[in-house]
Amino acid sequence: MKKLTFIFLCLFFISCEENLNIDIPIDKSRLSITSNLLADDYFNGQYSYVYVSNSISALESDDNFDYTDSIPVINNATVSIYETNELQENLASYVLEFDYDCYCYNNPDLSPKQNTTYRLEVEAYGYPDIYAIDKVPAKPSYEITDFELLGYLDKKSYDGELSQFNLVINDDPFTENYYQLKIFVVNTSNAKVRTCSYSVSDASFLNPLNDTDSEGNYSGGSAYFTDELFNGTSKSFFIQQFKPQGIFDHFFIELRALSRDLYEFNKTRREESATSNNPLFVSEPIFLHSNIENGYGIFGGKSESNKAYIPTYFPNNGWLSY
Amino acid sequence: MNSFFKIFVLFLFTNSCFAQQLHKISGYVLDFESGTTLIGANIVDSNSGRGATTNIDGYYSLYVDEGTTFVVCSFIGYSMDTLFISAKNDVEYNFELKINSLDIGEITVNDERLNIESLRTSTISVSKEEIREIPQLLGEMDIIKAIQLLPGIQSGNEGASGFYVRGGGPDQNLILFDGAPIYNSSHLLGFFSTFNESAVNSIQIIKGGFPAEFGGRLSSILNITGREGNMKKWKFNGGIGVISGSLCVEGPLKKDTTSVILSLRRTWIDQVSKPIIKLARNSFDFGDSDADGNYYFYDLNFKLFHKVSASDQISFSFYSGSDNFSGLVTEETNGVGSDYNWYYYGSSNYGLIWGNIISSFRWRHLFSDRLFLNTSIIYSKYSFENKILSTSQTTEEYLDLTSSNWSSLYDYSYESGIEDIGVKFNFIYDFRIDHQFNFGGSYTKHHFSPSFIDLTSDWGENTDTIMTFSNQKTPGEFFIYFEDQYSISDRLSSNLGLHYSIYHENSKLYHSLQPRFSLRYLLNENSSIKLSYATMQQNIHLLTNSSYGLPNDIWVPATRDVPPQRSQQLVCGYNVSFNENKYETSIELYYKRMQDLITYSEGSNILGTNFTSWEDRVDLSGLGEAQGIELFFKKNKGLLTGWIGYTLSKSIRQFKGINLGREYPYKFDRPHDLSIVSSYKINKAIDISLTWVYGSGNSITLPRQQYLIVSQYGIQEYYEYGEKNSYRMQPYHRLDFGLNYKKLKDWGEKTWTFSIYNVYNRRNPFFIYFQDSANNNIDFIKAKQVSLFPIIPTLRYAFKF
């Protein structure tokens, strides 16, 4: 393609280029945050964490980021998370320490609660203080009905349809809910976890985050949807699950509820990723969603509700909370 | 409303009581040599000073007082013709004007007195003579580039043929060729327009105060009429330029009754570029692969004209133009494995084809000397096609003399387009000297195919993917209009019009009643003030990701979820001519509001992130606002002619989902825009011309900060952009020079045209990008500006006989 582009340019452009001294307004460097709060998890760097890095001018080299070892993160920031009530009054506070294992800030005493609001405050020398507020949503409530196991979990070469079932979500009518659905197969003996692809045909899955085909069918391993079309009702989705190759002993469904900010952040990230490096169908610049005041990034709450299917040849079998 | 109607009718008829004894002179203005009609010719009664202009069919009507008078007919490039008449009855008279292009004396490029008297605001007719004298890129006479030199009309990027009128978008211009709309008016990625000058008769651009006859676009009407063939004898003309050549043949099939014209233009850039490509292939190491490419465009115009009777004329016009780009990349490799040899051959064919086909059938009928009808049946099609066909064949030959083969296929096709078929009726009724009624209607059936994707991929064992995606729509558009050109007094005239349109897409109907009015008050013989107001509705949108004239912009219709765009425009102006119309100055102030604009959502493009409908990828309910002052000074007579146009303007946009909902400058907001166009006739054979243009830089969005999103899954870098379109590129300015040398020969006439584009080699910004650089082992990012055209001298040879 590069060669073709070269020929194309030879044909069309008698272009010349010159270095340009652009006066980009100098913005003060700010902090960039990547932080997730998973309900009932602990801040240990796996699912709940705070990463702190800095921004630099668009014309500066990557060398100008702050580094810890060779990782572009700041290790001397003061990071605090406050549990607050509806009036933004502090109910509890936690100071997070830099953890060289994950290069992020953790505090194992902090376990985010569902339906609870948290405020993040970060101070670092040379950067404006930042803060962010987000609410960890309630764990989603759902049931599995009309389940049919169609394939073989423990046959290595089998990669067809494994099961089909209805996922029935009991949506909370008083909140805007943002969901993410994943299905995993697990081999307990070697601790191998693989993502399953699944397909579903429903208008709720028609959004910019999901890859749907021309008839509106979603097929993939991680779909996002909102309750915009079924707010406050009991909504059933017919799911067809496919198994990756390999030997597994059970699978589980992970249904996540995301805060609005985290959903928007993921959405804009997906859009940015999908449209970059496309010279012919170039898009306008994308503004990544952020809820960080005076900074960049995301402080996003989420909760998840998992159900596992254990085959009948195990003593405890059927659908279990996971 | 009822009362208003009664007052209106009373007003209408009261005035007739005071009408004096008048007689009407009407007919056509024709070229003496060819018998073809002349559009925009001026006819003036020397006694009363009343004037008229021939319409798009070359027809005029003028009232004169009873008694003896001179009626003078003039047209640029032609000698005046005078009719001495003793008016006692209505008279039909056809003027036949003779060409005077090789006269030694002073030239007149327009009779601007009628601009003072004209009811229209913001309407400019540009003659081919004027355009011909303007130096052009690569010597190609370009109508669209020429009108970009007028105040209030701006170009997009360098070389681009799209144009932007009073803060509007390129889709908001209705471009008509013989009454049929053209959806893509450019070739070569927007650097040349589709209009072959040898096939063009007249050019008129309307920027505001729109006549009720027109609708469907918010910002301008570019009305181009194709030439009719010579009615007297066969003629040939042609030209040879740097990148293209043209040939035109015209003549009578039956003298003074039926004529035909056929013109063809084709670029030979594919031939010229072959050595460049060969050089590139030899100079660069492509390894085991090879690449080749080819590009050309062409235009074909055909028009048949037939006078059925004194009161009936029919014509059939056809245009076909297309751009074709193709490329081929091949790769042939082989190697040795542990116990086998392998061979690989792959090829990829790329194709981009886009173009227009339009045709129109027109019937002009004079019911009487007061009622004129023009009926048109039109067809227009624009299509864009992108094809990629990749195949590969791999063979492994093992030591045991067995072998295995496998192949792959990737066949991708993307198409988008629009197809229109419609009918239009325009009546002109001379009710009285003080009232001329224009009325009519139109129906157009659109067929939109915004994006059709067909994908087949086969990677060996079986066909992996067969996918088609299409969302075609077939809306209809109907409108009726009525307009009264009303002379309230000798000094005050008005034009009151209503345009009513119904647009339907499936079961969704959009009604729109669009009032239009213009007022003109003559301050004295040489100056007038004008006021106009027009509301417009546009039922189609153009989704565009870039301004480079790439053909991947797609036309989409208004739908249930995406309403039509609307605008309201108020214009007031002052026109004055002095020194016996040698000089003309005008100043116009305009204010335009636009609603229900659409644009791609942030991050979306033509394909989207998946195969969802385009309606899910746009931001709706956009607002636009444009305001400005346009100054125009023109010298019409003398050896030196030309104009200076200056526009001071501001154009903004606002969408809820763009720029955090805040208003931002339109990409082509250009506060200052200046054009100086001059032509000097040295003698009867040589004329020279200079054009200088200056414009504020385009607005673009630049990144201001870069930051990281760090997680256990990796590190990704993102940019923080400042306010949308908050950075201005460097100003654009350029000087062009042109020289025409004409010589009469025994066999006909030849013309050598020498021109220099961008005389002082200004590196104007085309686009800006960022690139990692290194200096003394220190990495940094440098902004680079790409400029397109350096100084380009060109020579063109034209002939006619």
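Is N324(B) buried or exposed? In this predicted model, N324(B) has a relative accessible area of 14%. The cut-off for a buried residue is under 20%, so N324(B) is buried. The residue belongs to strand β23 of chain B, which spans residues 312-336. Its contacts beyond four places in sequence are N294(B), Y295(B), Y296(B), L352(B) and I353(B). One of these, L352(B), lies 28 residues away along the chain. The C-alpha atoms of N324(B) and L352(B) are nevertheless separated by 5.9 Å.

Y296(B) also appears among the contacts of R266(B). R266(B) is part of strand β21 of chain B, residues 258-267. Its relative accessibility is 33%, and it is therefore classed as partly exposed. Leaving out residues up to four places away in sequence, R266(B) touches I243(B), S244(B) and G245(B), and also Y296(B), F297(B) and Y298(B). L300(B) is 34 residues from R266(B) along the chain, with 8.6 Å between the two C-alpha atoms.

N575(B) is placed in strand β35 of chain B, residues 565-578. With a relative accessibility of 7%, N575(B) counts as buried. Its contacts, with residues up to four places away left out, fall in several stretches of chain B. They include N115(B) and I116(B). N526(B), S527(B), S528(B) and K530(B) are also touched by N575(B). E584(B), T585(B) and S586(B) complete the list.

Strand pairing was examined next. An open sheet of 3 strands draws on both chains, in the order β4(A)-β44(B)-β45(B), with antiparallel pairing. β4 (56-57) of chain A and β45 (714-721) of chain B stand at the edges. Each has a single partner strand, so one side of each is left without a neighbour in the sheet. The link between the chains consists of 2 bridges, which join β4(A) to β44 of chain B, residues 703-711. S57(A) has Q705(B) as its bridge partner in β44(B).

Within chain A, β5 (residues 78-84) and β6 (residues 90-99) run antiparallel and are joined by 6 bridges. I81(A) stands opposite Y94(A) of β6(A). The two strands form a hairpin with 5 residues between them. In its turn, Q88(A) has a positive phi of about 65°. β6(A) also pairs with β7 of chain A (residues 104-106), in the antiparallel sense and over 3 bridges. Here D99(A) faces C104(A) of β7(A). The hairpin of β6(A) and β7(A) has 4 residues between its strands, and Y103(A) takes a positive phi near 60°.

Most residues other than glycine have a negative phi. Further exceptions occur in both chains. D146(A) has a positive phi of about 50° and is not a glycine. This residue lies in strand β10 of chain A, residues 142-149. D146(A) counts as exposed, at 58% relative accessibility. In chain B, N758(B) has a positive phi near 60° and is likewise a residue other than glycine. N758(B) sits in the loop between β48 (749-757) and β49 (765-775). N758(B) is buried, with a relative accessible area of 0%.

The largest nonpolar core contains 71 residues. L150(B), F163(B), F195(B) and L222(B) touch the most other members. Beyond four places in sequence, L150(B) is in contact with I124(B), V126(B), I205(B), F632(B) and W643(B). Another core, of 36 residues, lies apart from the largest one. Among its residues are L96(A), F98(A), C102(A) and A132(A).

Cavities of 30 Å³ or more number 7. The second largest has a volume of about 100 Å³. It is lined by 12 residues, of which E133(B), T641(B), G642(B), W643(B) and S679(B) are the closest to its centre. W643(B) is also a contact of L150(B). Strands β39 (640-654) and β41 (672-681) of chain B each supply at least two residues of this lining. By class, the lining comprises 4 nonpolar, 5 polar and 3 charged residues.

Technical notes. Residues are numbered from 1 along each chain as its sequence is written. Chains are lettered from A and ligands numbered from 1 in the order in which they are written. This is a predicted model: local features need pLDDT of at least 70, side-chain atom pairs count only at pLDDT 80 or more; totals for chains, interfaces and linings use all residues. Side-chain values use heavy atoms; hydrogens and water are left out. Two strands pair if DSSP finds at least two bridges between them. Buried means under 20% relative accessible area, exposed over 50%, partly exposed in between (1.4 Å probe, protein chains only). Contact means heavy atoms within 4.5 Å. On a 1 Å grid over the protein atoms alone, a cavity is a set of points where a 1.4 Å probe fits but cannot get out, and a pocket is an open set with protein on both sides within 12 Å along at least five of seven lines; lining residues have an atom within 4 Å of a point. Grid points are joined across faces, edges and corners, and a volume is the space filled by probe spheres set on the points. Ala, Val, Leu, Ile, Met, Phe, Trp, Tyr, Cys and Pro count as nonpolar, Asp, Glu, Lys and Arg as charged, and the others, Gly among them, as polar. A nonpolar core is a set of buried Ala, Val, Leu, Ile, Met, Phe, Trp, Tyr and Cys residues joined through side-chain atoms within 4.5 Å.
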